[in-house]
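Reader: I'm new to this one, so could you take me slowly through a single part of it, the sheet? I'd like to see how the strands sit together and what surrounds them.

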Amino acid sequence: MLKKYICAFFAFLICLFFFNNNILSAEVRNNMSKKQTAGRDLLGDIAPKFAELNDDVLFGEVWSREDKLSARDRSMITISALFSAGLYPQLKAHLEIGKKHGITREEAVEIVTQLAFYCGWPKAWSTFPLIREVYGNDKSESANVSTDKFFELAKKRYSVRKFSDKPIEKEKLNRVLEAGNLAPTAKNQQPHRIYVIQSEKSLAKLKELTHCGYGAKTVLLFTYNTDETWKNPLEEGINSGVEDVSIVATHIMFEATELGLSTCWCNYFPNSKLEETFNIPKNEKSVLIMPIGYADENSNPSLLHTKKKELYQIVKYL
Ligand SMILES: Cc1cc2nc3c(=O)[nH]c(=O)nc-3n(C[C@H](O)[C@H](O)[C@H](O)COP(=O)(O)O)c2cc1C
């Protein structure tokens, strides 16, 4: 009797396994098969079978097998094939699909540069304008991030080296300082200190030491308290002071930009002399000064502002 129950229990488990497996594979299939109607939309009237194969088999089944090969890789291969065959209208469509699958503008350019050697230089000449059409001319625009608000802000900011006499409103100054206070610091120890240099006397003293006030009526001096920094127990001599101050100052720099103010990050000053001049406590180290205010109407970004290395020169994937 007991034997009968045990057999029935195992039979039940086996059925459950197959049942679940079927549900699972149906779910996976459903998730993978994406509805594609481009074939039917564009060619359904003249070539209905071709349209059906295009939408249901090529895109519905083959492209959807992302567990075998990612959509991004499939896009790269397809772009290469169309480039090689010189099929530019289809190539443009697949550059657009590739962008949706996460291929960045830099990567698209790199793919074409590489293919130029294997498939033909003139083909690259025909393809770069297509990349420009698909991604726009903006270097920083990459897949799915074209409306990124932070990018807009980051692009708007530049180092201003000529300030107008218009003073910053107190509310705006408080707001940027609050933005600094939102910054992370190592173990939240907040070793940073900010000195607001605004009086005529202090501005004059600063001018004696450096030209980097650039005529601003407000200059922030950032220091960190050496007793309060986080010390790395795994590495002698490493502390978080400069990092903490830098993140705080960066918050302030971008909030200033957001509020229509301008800044310049400056470290060109004699640190010890400046600390002495402003009676900075002995356990604090100065990191930067930041003139902040309204830019002079003739202020323009310097030539260095647009000189950026390519990502591949900076980022290494390990
Ligand atoms: C750590 C650091 C130190 C800097 N020191 C100075 C400085 O002493 N004087 C100055 O005019 N600009 C200084 N700058 C501004 C850079 O020259 C500027 O950010 C860079 O040339 C890029 O230009 P942009 O800020 O207009 O994009 C400094 C920037 C950083 C990040």
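Author: Let's start with β1 and β2, which pair in the antiparallel sense over six bridges. Two strands count as paired if DSSP finds at least two bridges between them, and the strands themselves are DSSP runs (E, at least two residues), just as helices are runs of H or I with at least four, all numbered from the N terminus. Across this pairing, R193 stands opposite T223 in β2.

A quick word on what you're looking at. This is a predicted model, where local features need pLDDT of at least 70 and side-chain atom pairs count only at pLDDT 80 or more, while totals for chains, interfaces and linings use all residues. Residues are numbered from 1 along each chain as its sequence is written.

Now go to the other side of β2 (residues 218-225): eight bridges join it to β4 (residues 284-293), again antiparallel. Here Y224 stands opposite K285, and the bridge partner of L220 is M290. Put together, you get an open sheet of four strands in the order β1-β2-β4-β3, with antiparallel pairing. β1 (192-197) and β3 (262-263) are at the edges with a single partner strand each, so one side of each has no neighbour in the sheet. As background, strands of a sheet pair through backbone hydrogen bonds.

β2 is worth a longer look. Six of its eight residues are buried, so the rest of the structure largely encloses it. Buried here means that 20 or more other C-beta atoms lie within 10 Å of the residue's own, with 12 or fewer making it exposed, anything in between partly exposed, and C-beta atoms placed from the backbone. Across the protein, buried residues make up 23% of the 318 residues.

The sheet also feeds the largest nonpolar core, which has 28 residues; V219, L220, F222, A249, I289, M290 and I292 have the most contacts inside it. Such a core is a set of buried Ala, Val, Leu, Ile, Met, Phe, Trp, Tyr and Cys residues joined through C-beta atoms within 7 Å. The elements giving it two or more residues are α9 (170-181), β2, α11 (241-258) and β4. α11 gives the most, with six.

Try V219 up close: leaving aside residues up to four places away in sequence, it touches I197, L203, L206, G213, I289, M290 and P291. Contact means C-beta atoms, placed from the backbone, within 7 Å.

Note on methods: Contact = placed C-beta atoms within 7 Å.
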